[in-house]
Amino acid sequence: MQLGFTIPREWIKGVKNLRVYASVQNVFTITKYPGLNPDLPWYNNVGYNGVDNFQAIVPRTFLVGIDLSL
């Protein structure tokens with residue numbers, strides 16, 4: 001999900017375009033799976049349903065940025 005705001009040209013002189021944005025990935029996971037990682041791997045076309053082998057949790061990623069054109 002990304003949320004951004006383009007600042008109007010009238011607010012800032014000498015700037016063609018100014019956009020501020022923020023996004024986040026993997027905000028939350030809704031599941032009844034009791035293990036660490038609900039995205040279980042497939043090995044040689046065999047899925048190990050319910051066995052996550054203590055894999056790391058998918059990381060939550062935050063991104064903040066500015067898009068500026070002079």
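# Chat about a five-strand chain

User: Which strands do the nine bridges join?
Analyst: Nine bridges join strand E2 to strand E5 (residues 61–69), and the two run antiparallel. Strands here (E, at least two residues) and helices (H or I, at least four) are DSSP runs, numbered from the N terminus. Two strands count as paired if DSSP finds at least two bridges between them.

User: What kind of model is this?
Analyst: It's a predicted model, where local features need pLDDT of at least 70, side-chain atom pairs count only at pLDDT 80 or more, and totals for chains, interfaces and linings use all residues. Residues are numbered from 1 along each chain as its sequence is written, and side-chain values use heavy atoms, with hydrogens and water left out.

User: OK, back to E2. Which residues are bridge partners across to E5?
Analyst: Ala-22 is opposite Val-64 in E5, and Tyr-21 has Gly-65 in E5 as its bridge partner.

User: How does E1 pair with E2?
Analyst: In the antiparallel sense, over six bridges, with E2 covering residues 17–25. One bridge there puts Ile-7 with Leu-18 of E2.

User: What order do the strands take in the sheet?
Analyst: The order is E1-E2-E5, an open sheet of three strands with antiparallel pairing. E1 and E5 are at the edges with a single partner strand each, so one side of each has no neighbour in the sheet. From one strand to the next, the twist averages 10°; that angle is between N-to-C directions, runs from 0 to 180 degrees, and uses axes fitted as lines to C-alpha atoms.

User: What holds strands together in a sheet, generally?
Analyst: Backbone hydrogen bonds, in either parallel or antiparallel pairing.

User: How many helices and strands in the whole chain?
Analyst: Zero helices and five strands, giving β-β-β-β-β along the sequence.

User: Switching to single residues: what does Val-20 touch?
Analyst: Val-20 is in strand E2. Skipping neighbours within four places in sequence, Val-20 contacts Leu-3, Gly-4, Phe-5, Ile-7 and Gly-65, where contact means heavy atoms within 4.5 Å. The C-alpha atoms of Val-20 and Gly-4 are 5.6 Å apart, though the two residues are separated by 16 positions along the chain.

User: How exposed is Val-20?
Analyst: Val-20 has a relative accessible area of 36%, so it counts as partly exposed. Buried is under 20%, exposed is over 50%, and partly exposed lies in between (1.4 Å probe, protein chains only).

User: What's odd about Asn-26?
Analyst: Asn-26 has a positive phi of about 60° although it isn't a glycine. Asn-26 lies in the loop between E2 and strand E3 (42–43), and is partly exposed at 39% relative accessible area.

User: And Met-1, buried or exposed?
Analyst: Exposed, because Met-1 has 75% relative accessibility. Met-1 comes in the segment before strand E1 (2–7).

User: Which residues join Met-1 in the nonpolar surface patch?
Analyst: Val-27, Phe-28 and Ile-30, and together with Met-1 they have about 530 Å² of accessible area.

User: What about the chain overall, how much is buried?
Analyst: Buried residues are 13% of the 70 residues. The chain exposes about 6200 Å², with 59% supplied by carbon and sulfur atoms; accessible areas come from the Shrake-Rupley method with a 1.4 Å probe.

Conventions
Patches are made of residues with over 30% relative accessible area and no salt bridge: like charges are joined within 9 Å, nonpolar side chains (Val, Leu, Ile, Met, Phe, Trp, Tyr) within 5 Å. A salt bridge is a side-chain nitrogen of Lys or Arg within 4 Å of a carboxyl oxygen of Asp or Glu.
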